[in-house]
Amino acid sequence: MEQNQFTSRIAQQLQLSERSVGNTIELLDEGATIPFIARYRKERTGSLDEVQIAQIGELYQKFQELQKRKETILKTIEEQGKLTPELKQRITDTWESSVLEDIYLPYRPKRRTKAQVAREHGLEPLAKVLLMQREREVEQVAQCYVTADVPSVEDALQGAKDIIAEMVSEDERSRNQLRGAFRRQAVITSKVVKAKEEEEGAAKFSDYFDWSEPLKRCSSHRLLAMRRGEAEGFLRVSISPNEAEGIENLQHHYVRGTGTCSRLVGEAVADAYKRLLKPSIETEFAALTKEKADEECIKVFAENLRQLLLSPPLGEKRVMGIDPGFRTGCKVVCLDAQGNLLHYEAIYPHPPQSERVKSVRAVERMVETYKIEAIAIGNGTASRETASFVERLHLGDEVQAFVVSEDGASVYSASKLGREEFPDYDVTVRGAVSIGRRLMDPLAELVKIDPKSIGVGQYQHDVDQGKLKQKLDQTVESCVNAVGVDLNTASRHLLTYVSGLGPQLAQNIVDYRREHGAFTSRAQLLKVPRLGPAAYQQCAGFLRIRWAENPLDNSAVHPERYALVERMAKDAGCTVATLMSDADKRSKIDVQQYVTAEVGLPTLTDIMKELEKPGRDPRAQIEVFKFDDRVNHFDDLRIGMELPGIVTNITRFGAFVDVGVHQDGLVHVSQLANRYVSDPNDVVRLHQHVRVRVIELDEKRHRIAFTMRGVEQ
């Protein structure tokens, strides 16, 4: 089973053409990245997008792993001398993991089970006699098997039943029947561990102290909440279909008649169900549902992260960053247009110091001295009070203030990277710098922080961490390459996520830049140590050089297509620069004339769009937001209030909105719109400015429920 068969299977599963899938797999095997394939190899893939390419890659990896598992299974069975041509063919033709493991189960090396002990005592023939269900004098037959190891008839019959139970539990038909029952009718049940009910931390799982629902209706967030409660020792969680019905259906296949043999076989089947089959299939379904919930959670987190990374940037402006605080004061930094730290000091406008006049003078002085154009205020403790303080300053209309999420800023402040960037400053200064830079360019700053610390996930610490990291890294890479990176100003960390690069090449670029000065052309990248033609091909189109001699170096046009654009310019009787600036010249180009075996209309269309707006930033424009002055704390809220808010997190069950009271409220998915909403992302986006109405206040747990239904946006 090599790539061609993988290709066919993947194409069928994803409903894509075999040609597109085959070419995509070839490109992935060659080391091409997903952003590169999606952007610059559309002719080979049939214009597949990043999501489709990632799906192909994931299935390709899954089938490769399954193929290795098959090889291991075949080798193990062959070593036992039990591999028949028919069995080998079944294993070769199987591409469902659960089916494969069922086939292998009777041959898998086991620990010393009850059935194994009974076989060692010579009781397998007696088990076969029972299964035939024809013998009337069962006890007389069993007497023949009484030995020193099997001291009584009862022991002999029990050993035979143990063998039958294992045979039943390893039978594919039995396992598939029970799987069907789990799929149709399994119920997930959660109960509180009584001894833990009053312990600290138990209250957050109170919704699940006595919870039960059909497994197929259990949402990912509820399942992960229950599993977390179980992991922390507060809950006991079980999954089970109707036990009596399950045993009865299983006995129907094995029990024939009403004699003693049939009764004993029925007992063995019931034992197989309770002791072997049900626990095994329950474990399987627990793993499957957890995996499905993980996928859902990871998908939600990745989408939130994408929206966060692509938040509107302020751009290259001189910014004041403020990390608010009461007792410890507000940490204030002034940054130049490139994000370099120019000045730091602390002010104390709030209680207990209340040095308001002194703080006003300090801020006005810094704004004047460092020609500040915008102010970024962290959204943590004392954020509303600090924003109110800044709003009352006479800084002129040209200086705008923005509230910025500071999730993860403390993680960056204490990180190795933070220490490397600012070795002479403490964590408070680094945090304020991070807040200021987030306003200027969220993407460039947030890539420095572990995505799990950014605060936009849903149970992200409970999911498969390997899969989570892979998906989040893929998301960061996608966002970085979608926006493009300034080769002469990008940090090592940002460069790390550029297609074809990585930590070492990113560092080599920074070192080369430091030694030789700014890059003047993309071609110079080939002079960077260890950056060869393959890496250059992958990264060049995503790196930008402003004011380069060749204007295409500041565009998303790949260097491998420069000659094509130059031919277009020559045919139009102008330079490349003129072609890029003159819409009339571009309108006269017939792209059909430039179609070749390698370059088709998808690539030519992309080139023409890029010539129109070279290096265009796909992110939206930033907007100023202001909270309602009536509310600053939870106690200020009233049922029925309509308030402006910012979407801070999106989950499958709704969106969390910050209205400025230091506690986000939930707009349940059913309250997002005057229609059915299956995915909250269809209605709201992260950091979107919305209006909500308060519909419920839980003072004990400090929970707020909002609605957007009937509220004019």
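A trainee and a mentor go through the cavities, one helix and the cysteines of a predicted model.

Trainee: How many cavities of 30 Å³ or more are there?

Mentor: The model is a predicted one. The largest cavity has a volume of about 90 Å³, and the second largest has about 40 Å³. With the cut-off at 30 Å³ or more, the count comes to 2 cavities.

Trainee: Which element gives the most residues to the lining of the largest cavity?

Mentor: The lining of the largest cavity has 13 residues, and the closest to its centre are Gln177, Leu178, Ala181, Gly246 and Asn249. The elements giving two or more residues to this lining are helix 12 (172-185), helix 14 (243-254) and helix 15 (260-309). The most, 6 residues, come from helix 12.

Trainee: How do the residues lining the largest cavity divide into nonpolar, polar and charged?

Mentor: Gly counts as polar under the classes used here. Gly246 is among the residues closest to the centre of this cavity. The lining of the largest cavity divides into 5 nonpolar, 6 polar and 2 charged residues.

Trainee: What classes of residue line the second largest cavity?

Mentor: Leu305, Leu309, Leu446, Val447, Ile449, Pro451, Ile454, Val476 and Tyr497 line the second largest cavity. Tyr and Pro count as nonpolar, as do Leu, Val and Ile. The lining of the second largest cavity therefore has no polar and no charged residues, and 9 nonpolar.

Trainee: What span should helix 15 have, and how far apart are its end C-alpha atoms?

Mentor: Helix 15 has 50 residues, so at 1.5 Å a residue it should span 74 Å. The computed distance between its end C-alpha atoms agrees with that, at 70 Å.

Trainee: Where is the kink in helix 15 centred?

Mentor: Helix 15 covers residues 260-309. Its kink is about 45° and is centred on tyrosine 273.

Trainee: Why is cysteine 218 not bonded to cysteine 297?

Mentor: A disulfide is a covalent bond between the sulfur atoms of two cysteines. The cut-off for the sulfur pair is within 2.5 Å. Cysteine 297 holds the cysteine sulfur closest to that of cysteine 218, but the distance is too far for a bond, at 14 Å.

Trainee: How many disulfides are there?

Mentor: Cysteine 144 is in no disulfide, as the nearest cysteine sulfur, in cysteine 261, is 13 Å away. The count of disulfides comes to 0.

Trainee: Is cysteine 144 buried or exposed?

Mentor: Exposed means over 50% relative accessible area, and buried means under 20%. Cysteine 218, at 13%, counts as buried. Cysteine 144 has 64% relative accessibility, so it counts as exposed.

Conventions: Residues are numbered from 1 along each chain as its sequence is written. This is a predicted model: local features need pLDDT of at least 70, side-chain atom pairs count only at pLDDT 80 or more; totals for chains, interfaces and linings use all residues. Side-chain values use heavy atoms; hydrogens and water are left out. On a 1 Å grid over the protein atoms alone, a cavity is a set of points where a 1.4 Å probe fits but cannot get out, and a pocket is an open set with protein on both sides within 12 Å along at least five of seven lines; lining residues have an atom within 4 Å of a point. Grid points are joined across faces, edges and corners, and a volume is the space filled by probe spheres set on the points. Helices (H or I, at least four residues) and strands (E, at least two) are DSSP runs, numbered from the N terminus. The expected span of a helix is 1.5 Å times one less than its number of residues. The bend at a residue is the angle between axes fitted to the seven residues ending there and the seven starting there. Buried means under 20% relative accessible area, exposed over 50%, partly exposed in between (1.4 Å probe, protein chains only).
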